[in-house]
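Here is a short briefing to read alongside the model. Keep the viewer open and follow along at your own pace.

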Amino acid sequence: MATHRYKDGYRALSKVDGARRIAFDVLMQVYSEDAYANLALAKALRRARADERLDSRDAGLASELVNGTLRAQGRLDWALSRHLSRPMADLDLEVRVLLRMGAHQILDMRVPDHAAVSTTVDIARHVLTDGPTRMVNAVLRSLTRMAPGELDEALEGIADPIERAAITHSHPAWMVREFTRALDAHGYPGEELEPLLAGDNEPPLVTLVARPGLIGAQELADEAADVLGTRVAPGSFSEYAVHIEHGDPAALTAIRTGLAGVQDEGSQLAAILLAGAGLTGPDASWLDLCAGPGGKASLLAALAGPRGAALTANEVHPHRARLVERACRAFDNVDVVSADGRTFGGPKTPWPLASFDRIMVDAPCTGMGSMRRRPESRWRRKPEDLQDLLPLQAALAARGAELLRPGGVLAYVTCSPQVDETLGQVERLLDRGDLELLDAVALAESLVPESLGVPEGAGTVGASKGRVLQLWEHRMGTDLMFISLFRRR
Ligand SMILES: C[S@@+](CC[C@H](N)C(=O)[O-])C[C@H]1O[C@@H](n2cnc3c(N)ncnc32)[C@H](O)[C@@H]1O
């Protein structure tokens, strides 16, 4: 066992709590190696379970510490900075991570103060020298000594409403500005900002998709209930969706064999709407231009199959193209290709211009619509990212339009409500003059089991007769998917 010098001589360090140590190690990987929290955590938990170091309660605690600490980072740093004599950014990473973990337990979890402090300091003793360890101890103790309501009062004292909302709901201020702009652009009142931001801090609903033709939603729900012992519920906006309350979907045979997948209802709806839009003429050749990792491609393949249609699924990154292959392994009507979508197809290729009947352009975006699923992503994304994303999205959408035959249907989709990458790109597509915007809201209402409740007029773009569909977690419970549909003239 490790030893350490203290005033009273050498002594054994106290045993570090397993779940907290795992959380600390995963958080360090997220911050120092840009690891994805969900992947790093799953790997660490698998390893600990294999060594029989962890039961399911510990695994739950480690998950909450990782995900909760990441989500709450902005608010925790603000709270901690009130008890620090120098800026948080000047502290060593290990110290910052321990302070955040400890603060999350003190402020947000039902961990008794003394346990939150002592378990954090136990880790500090293993990874830090004496001085920083004492500092972690002192700052966390001072946090526990705050008067009730002290933080709320300080929050109320922040004059700028964007800054206040950013800290209260732990989002970067630029994102709060963008969410405000997006709500406004779709005609929703500013009061919806708070529930929107709060939704990002809720653990996400896990939704499965029963790929039609392979397995029915009821059969999938029965397997999930039996194997995972979870309560299940049917989807509201996709007849193929099954919500589960808990459990690891990977334990289901239907998931392992590709009959079903994990997919938010918003994503399912994007594929359902592209497949459901009216079309005259042939309906045989479908394209997913940005297919990785293959969620929408696999549902599109399932919907194309009974019509005798084939899907070409393209993805620029070969490793992600392999994920598309895996997601579509149960289908024989899918051709997976790895190429740059901006120059995909064309003369002398198997995919001439103006040849596809239905095209999905699910463009790379800021991902601001699925922050609840990737707790670290809100801090990784920068507003400058849009400088690269916007031209990329425009070029992919334009290529999609060129590959679409007259009378064919194109879906331009993002997992973000950010105005420039959604409505801005729709306007750009309409400026081409060869595309007509369809009414995605009316089509959705005609296809979904329950009404989406989109207010009258919301989603109308300029003078066009069409409407785009923006989904909101706080209204529909889905990711904030943006779906627009066009027909080529
Ligand atoms: C939003 S994701 C697509 C999600 C996918 N449709 C699904 O439902 O699973 C965007 C994808 O576009 C890919 N991508 C980025 N640049 C691209 C390009 N120039 N050509 C084709 N694909 C690209 C990204 O690698 C990413 O996998």
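The notes below go through the ligand site, the ring contacts and a few individual residues.

This is a predicted model. A ligand is bound here with 22 residues around it, and the protein covers 87% of the 600 Å² of accessible area that the ligand has on its own. Beyond that site, 2 aromatic pairs are counted, and three buried residues in helices are worth a visit: His-104, Leu-143 and Ala-62.

**The ligand and its shell**

- Begin with the residues that come nearest to the ligand, which are Gly-295, Glu-315, Arg-320, Gly-341 and Asp-362.
- Arg-320 places a polar side-chain atom 2.7 Å from an oxygen atom of the ligand.
- Two glycines approach through their backbones: a polar backbone atom of Gly-295 is 2.8 Å from a ligand oxygen, and one of Gly-294 is 3.2 Å from a ligand oxygen.
- With these contacts in view, recall that 87% of the ligand's own accessible area of 600 Å² is covered by the protein.
- Helix 14 (295-304) contributes at least two residues to the shell, and helix 17 (385-403) also contributes at least two.
- Sorted by class, the shell holds 10 nonpolar residues, 6 polar ones and 6 charged ones.

**Aromatic pairs**

- The count of aromatic pairs comes to 2.
- Tyr-188 and Trp-472 form an edge-to-face pair, because their ring planes stand at 80°, over the 60 degrees that this class needs; the ring centres are 5.6 Å apart.
- This pair links distant parts of the chain, as its two members are 284 residues apart.
- Tyr-188 belongs to the loop between helix 9 (173-185) and helix 10 (193-200), while Trp-472 belongs to the loop between strand 13 (469-470) and helix 20 (473-476).
- Tyr-188 and Trp-472 are both buried.
- Phe-344 and Trp-351 have ring centres 4.8 Å apart and planes at 35°, so this pair counts as tilted.
- Phe-344 is buried, and so is Trp-351.

**A charge over a ring**

- Have a look at Trp-78 too: the charged end of Arg-82 sits over its ring, 5.6 Å from the ring centre.

**His-104 and its polar contacts**

- His-104 is part of helix 4 (residues 93-107).
- With a relative accessible area of 4%, His-104 falls under the 20% limit and therefore counts as buried.
- The side chain of His-104 makes a polar contact of 2.7 Å with the side chain of Glu-64.
- A polar contact of 2.8 Å connects the side chains of His-104 and Asp-108.

**Two more buried residues, and their distances**

- Leu-143 sits in helix 6 (residues 130-144) and is buried, at a relative accessible area of 2%.
- Between Leu-143 and Leu-107 there are 8.5 Å from C-alpha to C-alpha, with the two residues 36 apart in sequence.
- Ala-62 is located in helix 3 (residues 56-81), where its relative accessibility of 0% makes it buried.
- For Ala-62 and Arg-489, the C-alpha to C-alpha distance is 54 Å, and they are 427 residues apart in sequence.

Key:
Residues are numbered from 1 along each chain as its sequence is written. This is a predicted model: local features need pLDDT of at least 70, side-chain atom pairs count only at pLDDT 80 or more; totals for chains, interfaces and linings use all residues. Side-chain values use heavy atoms; hydrogens and water are left out. A residue is near a molecule or strand if one of its heavy atoms lies within 4 Å of it. A polar contact is a pair of N or O atoms within 3.5 Å; within protein, one must be able to donate a hydrogen and the other to accept it, and residues adjacent in sequence count only if both atoms are side-chain atoms. Accessible areas come from the Shrake-Rupley method with a 1.4 Å probe; for residues, only the protein chains shown count as cover. Helices (H or I, at least four residues) and strands (E, at least two) are DSSP runs, numbered from the N terminus. Ala, Val, Leu, Ile, Met, Phe, Trp, Tyr, Cys and Pro count as nonpolar, Asp, Glu, Lys and Arg as charged, and the others, Gly among them, as polar. Rings of Phe, Tyr and Trp (its six-membered ring) pair if their centres lie within 6.5 Å; planes under 30 degrees apart count as stacked, over 60 as edge-to-face and the rest as tilted. Buried means under 20% relative accessible area, exposed over 50%, partly exposed in between (1.4 Å probe, protein chains only). A charge sits over a ring if NZ of Lys or CZ of Arg is within 6 Å of the ring centre and within 35 degrees of the ring normal.
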